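Got the model open in your viewer? Grab the selection tool and let's take a walk through it, one stop at a time.

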Amino acid sequence: MMLVTGGGGFLGRYIVEQLVARGEMVRSYSRRRYEFLHQLGVDQRQGDLRDAAAVANACEGIDVVFHNAAVAGIWGPWEHFHGINTLGTENVIAGCLVHGVGRLVYTSSPSVTFDGTDQAGVDESAPYPEKWLCHYPHSKALAEQAILAANGEKGLRTCALRPHLIWGPRDEHLIPRLIDRARNGQLRRVGD
């Protein structure tokens, strides 16, 4: 069985749909229930990533975890980002270790290495910065480091992926906000 954290979110939904289409049994861990996941036959578990016991319970009987759930943004208190992104990820790792999960795929962000300088041509060997521009990349970098450090522990294989600006059909965040800002004259074009 596969567990997708944030299965009701934009990326999580696509992962769930592909797993179900492949014939996999899927469990989702999200803050709320989703009708489209119910229609797909997904075993939905509700909870907060900061609840270690609930996260561990969701990991029981799982072979692979796709950990996508996170809080994104550039504003907000450190405790919020750190609690969900970093401590929540540590809870996912602990749940995997307790229940013998074999693989853990973490959705990170290229912002974990961004220090304000040109990032053209960087790869996974780029170092983490000494300072982050906001709490999101800092909390995600700490989570990514925990994921990578857990690789090989009790047979758990881990990896961190850093997709950039995921968007497309059913996007309810990025493109709709850009369109809204353009309609309200708040979007500025640079160059021609």
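**Stop 1: a pair in the open**

Start by selecting Asp-48, which is partly exposed at a relative accessible area of 28%. On this tour, buried means under 20% relative accessible area, exposed means over 50%, and partly exposed is anything in between (1.4 Å probe, protein chains only). Before you move on, know that this is a predicted model: local features need pLDDT of at least 70, side-chain atom pairs count only at pLDDT 80 or more, and totals for chains, interfaces and linings use all residues. Residues are numbered from 1 along each chain as its sequence is written, and side-chain values use heavy atoms, with hydrogens and water left out.

Now add Arg-50 to your selection: its side chain meets that of Asp-48 in a salt bridge, N to O at 2.7 Å. That term means a side-chain nitrogen of Lys or Arg within 4 Å of a carboxyl oxygen of Asp or Glu. Arg-50 is partly exposed too, with a relative accessible area of 43%.

**Stop 2: one Asp, two Arg partners**

How many salt bridges does this rule give in total? The count is 7. For another of them, select Arg-27 and Asp-43, whose closest N and O atoms are 2.8 Å apart. This pair ties together distant parts of the chain, 16 residues apart: Arg-27 belongs to strand E2 (residues 26-30) and Asp-43 to strand E3 (residues 43-46). Those labels come from DSSP runs, numbered from the N terminus: helices are H or I runs of at least four residues, and strands are E runs of at least two.

Is Arg-27 buried or exposed? It's buried, at a relative accessible area of 7%. Asp-43, on the other hand, is partly exposed at 26%. Keep Asp-43 selected and add Arg-45, because these two side chains also form a salt bridge, at 3.3 Å from N to O. Arg-45 is partly exposed as well, at 25% relative accessibility.

For a group of three, pick Arg-13, Glu-17 and Arg-170, which a network of salt bridges links together.

**Stop 3: strand E1**

Next, select E1 (residues 2-5). In a regular strand, side chains alternate between the two faces of the sheet. Look at E1 with that in mind: Met-2 and Val-4 are on one side, Leu-3 and Thr-5 are on the other, and all of them are buried, so both faces are covered.

Now show E2 alongside E1: the two run parallel and pair over 4 bridges. Pairing here means that DSSP finds at least two bridges between two strands. Click on Val-4 and you'll find it opposite Ser-28 in E2; Val-4 also stands opposite Phe-66 in E4.

Follow the chain from here, too: E1, helix H1 (residues 10-21) and E2 make up a right-handed β-α-β unit. To check the hand yourself, point the strands away from you: the path from the first strand over the helix to the second runs clockwise if the crossover is right-handed.

**Stop 4: strand E4**

Select E4 (residues 64-67), where Val-64 and Phe-66 sit on one side and Val-65 and His-67 on the other. These four are all buried, and both faces of E4 are covered. E1 and E4 pair in the parallel sense over 4 bridges, with Leu-3 opposite Val-65.

Add strand E5 (residues 103-107), which also pairs with E4 in the parallel sense over 4 bridges. Which residue in E5 is the bridge partner of Val-64? It's Arg-103. The chain gets from E4 to E5 by way of helix H4 (residues 78-99), in a right-handed β-α-β crossover.

**Stop 5: helix H3**

Select H3 (residues 52-59) and color its buried residues Val-55, Ala-56, Ala-58 and Cys-59. Look down the axis of H3: the buried residues fall within an arc of 160°, so they line one face of the helix. That arc is taken from the directions from the helix axis to the C-beta atoms. The elements covering these residues include E1, E2, E3 and H4; contact here means heavy atoms within 4.5 Å. Just after H3, stop at Gly-61, with its positive phi of about 80°.

**Last stop: two loop residues**

Finish with Lys-154, in the loop between helix H5 (135-149) and strand E6 (157-161). Its phi is near 50°, a positive value in a residue other than glycine, and Lys-154 is exposed at 67% relative accessibility. Then select Leu-165, in the loop between E6 and helix H6 (174-183). Leu-165 has a positive phi near 45°, and it is exposed, with a relative accessible area of 53%.
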